[in-house]
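Q: I would like to learn how to read a protein structure step by step. Could we look at one together?
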Amino acid sequence: MVSKDIIRELNENEFKEAVDVIRRSFLTVAEEFGFTEENAPRFTAFATDEGRLVYWKNEQHRPMIGFFRDCKMVGFYCLYINGDECELGSLSVLPEYRHGKIGGRLLEDACERAKSSGCDVMKLSIVEENKVLRAWYEKYGFIHEGTEKFDFFPFTCGYMKKIL
């Protein structure tokens with residue numbers, strides 16, 4: 001049986017499912033690098049809730065995009081558009097669906113949406129210590145711009161960008 005894949009904007013009644021996708025996806029990074037709610041309460045795996053998605057959508061006007069396979073949400077991202085630049089946020093794929101090109105399809109969709117919204121540059125941030133993720137974004141044309149260390153994170157934030 002062939003699976004049916006759809007990438008589309010979410011309705012607010014789907015935010016609970018999106019939060020689950022985001023948290024479960026980012027939890028694997030937390031586990032790999034030893035982040036906990038105690039030492040990194042602001043990390044995406046612990047800080048994302050429905051209220052945050054509602055704020056992003058209604059106050060920041062971010063498109064909330066889900067990847068659905070056979071009617072089940074298995075991936076997510078949002079875009080913060082600010083003039084001719086945008087920031088990719090919370091790109092995530094459920095662990096059991098990884099390595100099937102869903103992340104790449106979401107990233108390509110994000111670039112297309114950003115470009116059609118007038119953006120020339122896409123930026124994002126990563127856990128700098130996550131060399132595998134950095135290499136994955138570089139494969140899609142992102143370049144590393146620098147790092148910043150915050151007291152409230154037990155890791156270094158890495159910043160990347162791509163000219164669209």
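Q: Which residues does glutamate 14 touch, not counting residues up to four places away in sequence?
A: One thing to keep in mind as we go: this is a predicted model. Contact here means heavy atoms within 4.5 Å. With neighbours up to four places away in sequence left out, glutamate 14 touches Arg8, Glu9, Phe68 and Met73.

Q: Where is glutamate 14 found?
A: Glutamate 14 is in the loop between S1 and H1.

Q: Why does glutamate 14 count as buried?
A: Buried means under 20% relative accessible area. Glutamate 14 has 12% relative accessibility, so it counts as buried.

Q: Two of its contacts caught my eye. Where does arginine 8 lie relative to phenylalanine 68?
A: Arginine 8 lies over the face of the phenylalanine 68 ring, at 4.2 Å from the ring centre. Another such case is arginine 42, which lies over the face of phenylalanine 152 at 4.1 Å from the ring centre.

Q: Let us turn to the sheet. How do strands pair in general?
A: Strands of a sheet pair through backbone hydrogen bonds, and they do this either parallel or antiparallel. In this structure, seven strands form an open sheet, in the order S1-S2-S3-S4-S5-S7-S6, and the pairing is mixed.

Q: Which are the edge strands?
A: They are strand S1 (5-9) and S6, each of which pairs on one side only. From one strand to the next, the twist averages 25°.

Q: Which way do S5 and S7 run, parallel or antiparallel?
A: Strand S5 (residues 121-127) and strand S7 (residues 156-163) run antiparallel, joined by seven bridges. To follow one of these pairings, find isoleucine 126: its bridge partner in S7 is glycine 158. On the other hand, strand S4 (residues 85-93) runs parallel to S5, with three bridges joining them. There, cysteine 86 has methionine 122 in S5 as its bridge partner.

Q: How many residues lie between S6 and S7 in their hairpin?
A: The hairpin of S6 and S7 has six residues between the strands. Strand S6 (residues 143-149) pairs with S7 in the antiparallel sense, over six bridges. Histidine 144, for instance, has methionine 160 in S7 as its bridge partner.

Q: Which residues does lysine 162 touch, not counting residues up to four places away in sequence?
A: Lysine 162 belongs to strand S7. Beyond its sequence neighbours up to four places away, lysine 162 touches Cys111, Asp120, Val121, Met122, Tyr140, Gly141 and Phe142.

Q: Now the helices. Which strands does helix H1 lie across?
A: Helix H1 (residues 15-33) lies across strand S2 (64-69), strand S3 (72-82), S4 and S5, and runs at about 90° to S3. Helix H3 (residues 50-58) lies across S1, S2, S3 and S4, running at about 120° to S2.

Q: Is tryptophan 56 buried or exposed?
A: Tryptophan 56 is in helix H3. With a relative accessible area of 11%, tryptophan 56 is buried. Leaving aside neighbours within four places in sequence, tryptophan 56 is in contact with His61, Arg62, Met64, Cys78 and Ser90.

Q: Why do some residues of a helix point the same way?
A: An α-helix has 3.6 residues a turn, so residues three or four places apart point the same way. Keep that in mind while looking at helix H4 (residues 102-116), which has 15 residues and reaches 21 Å from its first C-alpha to its last. Among the buried residues in H4 are Leu106, Leu107, Ala110, Cys111 and Ala114. After H4 comes glycine 118, whose phi is positive, near 95°.

Q: One last feature: how many aromatic pairs does the structure hold?
A: The structure holds 12 aromatic pairs. In one of them, tyrosine 137 and phenylalanine 142 have ring centres 5.4 Å apart and planes at 75°, so this pair is edge-to-face. Both tyrosine 137 and phenylalanine 142 are buried.

Q: Why does the pair of phenylalanine 150 and phenylalanine 152 count as stacked?
A: Planes under 30 degrees apart count as stacked. The planes of phenylalanine 150 and phenylalanine 152 are at 20°, with the ring centres 5.2 Å apart, so the pair is stacked. Phenylalanine 150 is partly exposed, with a relative accessible area of 22%, and phenylalanine 152 is partly exposed at 32%. Both belong to a cluster linked by ring pairs, whose members include Phe26, Phe33, Phe150 and Phe152.

How values were computed:
Residues are numbered from 1 along each chain as its sequence is written. This is a predicted model: local features need pLDDT of at least 70, side-chain atom pairs count only at pLDDT 80 or more; totals for chains, interfaces and linings use all residues. Side-chain values use heavy atoms; hydrogens and water are left out. Helices (H or I, at least four residues) and strands (E, at least two) are DSSP runs, numbered from the N terminus. The expected span of a helix is 1.5 Å times one less than its number of residues. Buried means under 20% relative accessible area, exposed over 50%, partly exposed in between (1.4 Å probe, protein chains only). Rings of Phe, Tyr and Trp (its six-membered ring) pair if their centres lie within 6.5 Å; planes under 30 degrees apart count as stacked, over 60 as edge-to-face and the rest as tilted. A charge sits over a ring if NZ of Lys or CZ of Arg is within 6 Å of the ring centre and within 35 degrees of the ring normal. Two strands pair if DSSP finds at least two bridges between them. Axes are lines fitted to C-alpha atoms, for helices over the stretch in contact, and angles run from 0 to 180 degrees between N-to-C directions.
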